[in-house]
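This report introduces a protein structure to a reader who has not met it before. Please keep the sequence and the model at hand while reading.

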Amino acid sequence: MRTPILALLAFSPLAQALTLVSSDWQIDLDPATLAATARLANGALLPLSLPDQAAAVSQLKQGASQASWQWGEGTKVDAALKESVLTLKFSRSSTGQISWPLIPSGAKGLLLPLFEGSYIPSQDAAWRKALSKEYAGINTTEGLSLPVLGLDYGKQVVSVLFSNPFNNELNFLPDTKGIAIKTSHDFTQLDFQRPYEVQIALNGSDWLSPARRYRQWAKDNGKFVPLKEKLAAAPDGEKLIGASHVYVWGQNLLSPGDVNDWAGLNAAILAATEIKLDATGKKMLLAKDIKTNRYEQGVLLNSLDEALKNHIKGRDAAAYKARKTWLIQHLGKALTDPQTWGEGASGKMVAALEKAGLPKLWIGLPQWEAGFANPEAIAAARKAGYLIGPYDSYDTALPDGNNNPGWSSAQLGQDAFLRCGIMLKNGKRKTGFQGEGVYVNQDCVRPLLEKRVPALQAASPYNSWFLDVAATGMIFDDYDPAKPTSEAQDALNREDGMAWTGKKLGVIIGSEDGHAVANSQVSFAHGLQTRGFGWGDADMRKNAASPYYLGRWWPNNQPETFFKTVSIKPEYQALFFNPATRVPLFQAAFHDSIVTTHHWTLDPLKFKQTRSINELLEQLYNVPPLLNLSLETNAKRLPYLKQLDAFFRPLHQRLAYQTLTNFSWKNSDGSVQETQFSDSTRLIANFGSSPYKEGAHSIAALSVLAILPDGKTLTFQSPKWP
């Protein structure tokens, strides 16, 4: 017999508890310790939050499905149970901290939106270690791509949604029963008026339920913007649908293919006495096999490019135009048509992409100077039907006279360095990326964005823009008395900056990661599918003799760290590239709102042991391939990309505006997985080493089968490489 709704106050497993009842479950709350226990329909008890230190309770008010009280000094608690959702809201009129919920161990697994999404078995030794160390103290804006997590109890998944994602911290505490989670919220002096609200919901056994809960919350609260609406705001927006993503490297004015007379070029350089090559360049002028030696050709042209920069100083469009004019006047007889000059951003790169049979692409320029060097290439890419845009960022400011002039986006000026830096609570400025400069307040540098962005666009007619960091969820409290800014306001300022850029230029906006807290203006994001790790691992970052060394940031036209295929340490492979611990949580929330893919530092060719896994996961989730390209690597990489693109493109043209509705394992070890979309399209990936039978279909090892609503099929097979 169902407990009567009016029986609010009842005996329960918690001393001094009040009971909230709904048709789905019953919640026992101790107003003094904030402990919470659920009683399920079958009578089983499920602890939701362990008791905290008891505090005085006053002004207790009760209703059939809600209650409120004053907790300790200055904290008001509002509790409500509506169907399967328990909501606790904490409000204060001054600074303070609250730790709730204190989630006990006992779940068989955790569902965490770490990047795209992870399922973490509670007894997995590697993950238990990682969560208690590398992930200790993560927040719910940058640390999680969605401010929600899930607890898998087998027949039920309990979701914990942070309606206020700001100033939160998570700590993971492994014990013999599993992994406990301590969550806490800081009511800062910058934003203590904002309530801290948490929603705990009872769901079925579906692993996607936490993401679905967040998706619905985002829609209900105006935080979900459909992809179709975002793309409609830009003339070329629809070109994103079905597009694979590439970064094209090299920004020199000339590449070896631009020279048709090496002897004539050498003679002309020697005659131009105002140009001073370095010692290596002078040596190349005397090289006997310069006509055929690609390495020597590249060294000479690099030296020439640097000499030209010293002769005609400046990093703006006018300087690049002047250098190009100089080349035409002094070396033109030894060179090809200037319209085709260049490396990554060049007419010949665009022609190579078209010739490869890639009709839809997003093309990124790692440095906007490449656009200055060859604005004709930007126009050619747009004419070919591609999206093209520069890398730009407004998060770190370097001081004038710094030793890193190649970091163009961080040259924001001395005023920004001195005045716009984020001030910590202790009065010190927050050091910028990789320990250089300072991280900056977005509102403070907004005038610089509004000045620089249109100037770059005027010099190079881009139809997309990539604003690095803006959508990572890396947001700050700024305690500078001259510009006090809360995390919540910082997130809004970042979104406002992206919105202004898109509207002003009429372009679609991309950013890093695309986390929920700052993605309403972002159409595409790089970093959700794969993301950097091992930041403190010397074998990956410093030890050049290690097989795990990612590589140097050299040569400029093809940096090893982006192009060199290396081995991955087994522990990282187990953590981040095991299909059995990957779940498309972010796609379940935002597939039809934002197009996400790999981080540019970790394209699928980076690690030899994980290439096929990466390929299958991206196809299973219907996210685009991303690849780094250079003129020298096109011969191998473009045919490879075409194979990935041939499966992705037609499916994305069908599914881009569809919701990812279901995810399941087809066998006991998770080596065969299926996703389903709202139009009934099914994608089945076989990560195993043997074929898998699905009805009348045999799915080969390391392949993906797409079954369309009309019964037609498409097949992707992981290609051989190299």
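Across which strands does helix α19 (residues 634-655) lie? In this predicted model, helix α19 lies across β29, β30, β33 and β34. Its direction runs at about 145° to that of β34.

## The five-stranded sheet

The strands just named belong to an open sheet of five strands, ordered β28-β29-β30-β33-β34, with antiparallel pairing. At its edges stand β28 (660-665) and β34 (713-717), each of which pairs on one side only. From one strand to the next, the twist averages 15°.

Within this sheet, strand β30 (residues 682-686) and strand β33 (residues 703-707) run antiparallel and are joined by five bridges. N686 stands opposite S703 in β33.

A second helix also lies on this sheet. Helix α18 (residues 611-621) crosses β28, β29 (672-677), β30, β33 and β34, and runs at about 25° to β29.

## The eight-stranded sheet

Another open sheet has eight strands in the order β26-β25-β24-β23-β20-β19-β18-β27, and its pairing is parallel. Its edges are formed by β26 (595-597) and β27 (626-629); each has a single partner strand, so one side of each is left without a neighbour in the sheet. On average, neighbouring strands here are turned by 25° against each other, direction ignored.

Helix α19 packs on this sheet as well, touching β18 (244-248), β26 and β27. The direction of α19 makes about 155° with that of β27. Helix α19 is thus in touch with the eight-stranded sheet and also lies across strands of the five-stranded one.

Inside the eight-stranded sheet, strand β23 (residues 464-467) runs parallel to β24, and four bridges join the two. W465 stands opposite I509 in β24.

## A histidine in a loop of this region

The loop between β24 (508-512) and β25 (524-526) holds H515. Is this residue, H515, buried or exposed? H515 has a relative accessible area of 2%, and because this is under the 20% limit, H515 counts as buried. The side chain of H515 reaches the backbone oxygen of E142 at 3.4 Å. Leaving aside residues up to four places away in sequence, H515 touches T141, E142, L144, S145, A471, T472, G473, L528 and F586.

## Two successive hairpins

Strand β6 (residues 66-71) takes part in two hairpins, one with β5 and one with β7. Strand β6 is mostly covered, with five of its six residues buried. In a regular strand, side chains alternate between the two faces of the sheet.

Strand β5 (residues 57-62) pairs with β6 in the antiparallel sense over four bridges, and three residues link the two strands in their hairpin. K61 has S68 of β6 as its bridge partner. On the other side of the turn at G72, strand β7 (residues 75-82) runs antiparallel to β6 and is joined to it by six bridges. W69 faces V77 in β7. Three residues lie between β6 and β7, and G72 in that turn has a positive phi of about 65°.

The strand pairs described in this report are set side by side below.

| Strand pair | Sense | Bridges joining the pair |
|---|---|---|
| β5 and β6 | antiparallel | four bridges |
| β6 and β7 | antiparallel | six bridges |
| β23 and β24 | parallel | four bridges |
| β30 and β33 | antiparallel | five bridges |

## Helix α6

Helix α6 (residues 294-311) has 18 residues and spans 26 Å from its first C-alpha to its last, close to the 26 Å expected at 1.5 Å a residue. N293 caps the N-terminal end of α6, with a side-chain oxygen 3.0 Å from the backbone nitrogen of Y295. The buried residues of α6 are E296, Q297, V299, L300, L301, S303, L304, D305, A307 and L308. These buried residues pack against α4 (262-271), α5 (279-285) and α7 (317-331).

## The disulfide

The count of disulfides comes to one. Which cysteines does this disulfide join? The link runs from C420 to C444, with an S to S distance of 2.0 Å. The angle about the S-S bond is -65°, and the link is left-handed. C420 lies in the loop between α11 (414-419) and β22 (438-439), while C444 lies in helix α12 (residues 442-459), so the pair ties together parts that are 24 residues apart in sequence. C420 is buried at a relative accessible area of 1%, and C444, at 12%, also counts as buried.

Methods
Residues numbered from 1 in each chain as written. Predicted model: local features only at pLDDT ≥ 70, side-chain atom pairs only at ≥ 80, totals over all residues. Heavy atoms only, no water. Expected span 1.5 Å × (residues − 1). Buried < 20%, exposed > 50% of the residue type's maximum accessible area, 1.4 Å probe, protein only. Contact = heavy atoms within 4.5 Å. Polar contact = N/O pair within 3.5 Å; in protein donor to acceptor, adjacent residues only side chain to side chain. Pairing = 2+ DSSP bridges. Axes fitted to C-alpha atoms, helices over the stretch in contact; angles between N-to-C directions. Disulfide = S-S within 2.5 Å.
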